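Thanks for coming. I have one model to go through today, starting with the ligand and then turning to the domains. Please have a look at it first.

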Amino acid sequence: MPLAIVVNKRDAEKVKNELLEMGLLDDSRKIKRYGDKVEIPVFAVPNIKVNFEIVEQEEYLERKVFLPLEEIKELLKGKISREDFEKLPRKWEKLGDVLVIKLHGIKEKRKVAEVYAKVLKCKAVLEDVGGIKGIERKPCFKLVYGKDTETIHVENGIKYKFDVSKIMFSSGNIDERIRMAGVANKNEVVVDMFAGIGYFTLPVAVYGKAKVYACEINPIAYEYLKENILLNDVCHLVKPLLGDCREVAPRNIANRVIMGYLDSIKFLPYALEILKGEGIIHLHQKCKEEEFPHHLFNEAKKIVKEHGKEAEMIFYKKIKSYAPRIIHGVIDIKIS
Ligand SMILES: C[S@@+](CC[C@H](N)C(=O)[O-])C[C@H]1O[C@@H](n2cnc3c(N)ncnc32)[C@H](O)[C@@H]1O
């Protein structure tokens, strides 16, 4: 459901500019003013200091999705076959100024992609032909319009530079990236075992001001991780480490370990070695919906016990559906 935040009139202008800078202002919906309140549409709940109330904007449910599509249909009407016209994708993912869409069964892919790029203000369009694959989570995308697929995607005030054709970026994980912005503090040492381009590392450093060791096995993702550390001005806090986290992660050092990988349970023994005695582990896992969180936690608890420590589940959340009856979830485990 499209969200908005309600703030006092006197804070509205400042908040609006903050949301704009954070890439969280949804300008496809109108700002509403009533009495001394202002209702500002947002993509996600912002991490801002002003008091605000969160509201759902039911009236936009339909309109928000279709507007651009109407414009696209207008431009393509009579220019492509009826078959293609009826298959025009209603959903897409805009990362920076690069678009990712599914064009199943459409014959005139380039002509269609060109119009989507024009209406959605993108320089390139990638066709999603196979989702995300392999341990390095590489996208199976094919370029159908434009040349350059490298972009900077701004989310929650964080700049993520990457090549959309080579590196995954799951918009579905936005709430978890925003949650990670609020979990750590400047006295903490954090190890991110599966850092990628800095999905979690950057919010933890930029907002938590914690010291972070960020491990990444994919050299391409690692190069972008280094660039993003510079782009977000956290060189003094983040140490990137290229390689398998089982080999390169420092041991007995962390208060907090982030395991942003869909099969993290296999790496839990390593996370326990990385922790400085006690601490928090954020364990991501893809698992059967009915097994989340308790069956997963019990599996983790057994491993922790085998390593002579105690485990307590202090938080859990389903992040997104991964496949029918399979979810991607996260559990926060307190180790003592
Ligand atoms: C893509 S990220 C996960 C996405 C992230 N959790 C998010 O929310 O968007 C997983 C990263 O872990 C890296 N990776 C996989 N196995 C690894 C290992 N053994 N050591 C270090 N990095 C690894 C992959 O290359 C990939 O960049």
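So, how many residues surround the ligand, and which are the closest? There are 21 around it, and the closest are Asn173, Glu216, Asp244, Cys245 and Gly260. Keep in mind that this is a predicted model.

Now the individual distances. The side chain of Asn173 places an N or O atom 2.7 Å from an oxygen atom of the ligand. Two backbones come in as well: an N or O atom of the Cys245 backbone is 2.9 Å from a ligand nitrogen, and for a backbone N or O atom of Gly260 the distance to a nitrogen of the ligand is 2.8 Å. On its own the ligand has 580 Å² of accessible area, and the protein covers 97% of that.

As for the make-up of the shell, it splits into 10 nonpolar, five polar and six charged residues. Domain 2 (68–148) and domain 3 (172–335) each supply at least three residues to it.

That brings me to the domains. The assignment for the chain lists domain 1 (3–56), domain 2 (68–148) and domain 3 (172–335). Between domain 1 and domain 3, the C-alpha centres are 30 Å apart. Their contact involves four residues of domain 1 and five of domain 3.

What do domain 1 and domain 3 bury between them? About 330 Å², with 67% of it on carbon and sulfur atoms. Between these two domains the count of salt bridges is zero, and so is the count of residue pairs in polar contact, taking both residues at pLDDT 80 or more. On the domain 1 side that touches domain 3, three residues are nonpolar, one is polar and none is charged.

Methods: Residues numbered from 1 in each chain as written. Predicted model: local features only at pLDDT ≥ 70, side-chain atom pairs only at ≥ 80, totals over all residues. Heavy atoms only, no water. Near = heavy atom within 4 Å. Polar contact = N/O pair within 3.5 Å; in protein donor to acceptor, adjacent residues only side chain to side chain. Areas by Shrake-Rupley, 256 points an atom, 1.4 Å probe, with all protein chains shown as cover. Nonpolar A, V, L, I, M, F, W, Y, C, P; charged D, E, K, R; others polar. Domains from an automatic or database assignment. Contact = heavy atoms within 4.5 Å. Buried area = accessible area lost by both parts, 1.4 Å probe. Salt bridge = Lys/Arg side-chain N within 4 Å of Asp/Glu carboxyl O.
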